[in-house]
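Subject: Handover of a structure and notes on its contents

Dear colleague,

Please find the structure below, together with its sequence. My notes on what was found in it follow directly after.

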Amino acid sequence: IWFVLRLYGVNGMKGHVKRHIELGEKFAHWVVDEGTDLFEVLAPPRFALTVFRVRAPDQSSMEQLGISRAGRRETKVEERFVGNDVLPVPNGVDSSLHHDVLRHSNAVTKEVYESINATGKIFLTSTMIQDVYAIRVIGANERTDEQHLRKAFEILTKTTEEVLSKVETRKKGEPESARSRYE
């Protein structure tokens, strides 16, 4: 750390940390506000790290789980994080349905993660939090700026929409399009 402090100085280091905290919060807000129907942030942003998952696409199943999408825009971002109690089974809810929706959401999240990393355009990391497969985005590189995170968010959104569309096509039994998802 001595070399880092020598290179940037204390004020430079403080500025770097502050800037990346702000970028991390901005990215988390995009995921929550602009990706409301696609993503669910699992924990408040820390430094430049945002941890989220793809929502299960079947809204009725989510409502049966006691998880409603209604009113999400009216709440504060901090109130929309799942936090430590990741998708607990609500009272009166069939636990097998809960686990089926969770399993489906995990599979979709993993497919989005693997699809994005396969392109080489951006690189994500993943983790498991209490049986929930999550994608992690961190933008703490010295040269990362808002435009890089915005591009990452656009790639995430586009890929998620494509994967969910593919999942719906599979459900309907229709043949998948021969077009590459990255054209």
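In strand β4, I135 is the residue that stands opposite S126. The model in which this is seen is a predicted one. S126 belongs to strand β3 (residues 125-129), which runs antiparallel to β4 and is joined to it by five bridges. Two residues separate these strands in their hairpin, where Q130 adopts a positive phi near 45°.

Strand β4 (residues 132-138) also has a second partner, strand β2 (residues 49-54); the two pair in the antiparallel sense over four bridges. Here V51 has R136 of β4 as its bridge partner. How much of β4 is covered? Five of its seven residues are buried, so to speak of the strand as mostly covered is justified, buried being under 20% relative accessible area. As general background, side chains in a regular strand alternate between the two faces of the sheet.

The aromatic residues deserve separate attention. A pair of aromatic rings is described by the distance of the centres and the angle of the planes. With rings counted as paired when their centres lie within 6.5 Å, there are eight aromatic pairs in the model. One of them is formed by F39 and F52: the ring centres are 5.3 Å apart and the planes stand at 80°, so the pair is edge-to-face, a term that applies to planes over 60 degrees apart. Because F39 lies in strand β1 (residues 39-46) and F52 in strand β2, this pair ties together parts that are 13 residues apart in sequence. Both F39 and F52 are buried.

Y113 and Y133 form another pair, with centres 6.1 Å apart and planes at 65°, so this pair is edge-to-face. The pair links distant parts of the chain, since Y113 is in helix α3 (residues 95-119) and Y133 is in strand β4, 20 residues apart. Y113 and Y133 are both buried.

F39 and F52 are also members of one aromatic cluster, together with F27, W30 and F153. Over the face of W30 lies R150, at 4.1 Å from the ring centre.

Finally, helix α4 (residues 146-172) consists of 27 residues. From its first C-alpha to its last, α4 reaches 39 Å, close to the 39 Å expected at 1.5 Å a residue. At the start of α4, the backbone nitrogen of Q147 has a side-chain oxygen of D145 within 3.2 Å.

Yours sincerely,
A colleague

Note on methods:
Residues are numbered from 1 along each chain as its sequence is written. This is a predicted model: local features need pLDDT of at least 70, side-chain atom pairs count only at pLDDT 80 or more; totals for chains, interfaces and linings use all residues. Side-chain values use heavy atoms; hydrogens and water are left out. Buried means under 20% relative accessible area, exposed over 50%, partly exposed in between (1.4 Å probe, protein chains only). Two strands pair if DSSP finds at least two bridges between them. The expected span of a helix is 1.5 Å times one less than its number of residues. A polar contact is a pair of N or O atoms within 3.5 Å; within protein, one must be able to donate a hydrogen and the other to accept it, and residues adjacent in sequence count only if both atoms are side-chain atoms. Rings of Phe, Tyr and Trp (its six-membered ring) pair if their centres lie within 6.5 Å; planes under 30 degrees apart count as stacked, over 60 as edge-to-face and the rest as tilted. A charge sits over a ring if NZ of Lys or CZ of Arg is within 6 Å of the ring centre and within 35 degrees of the ring normal.
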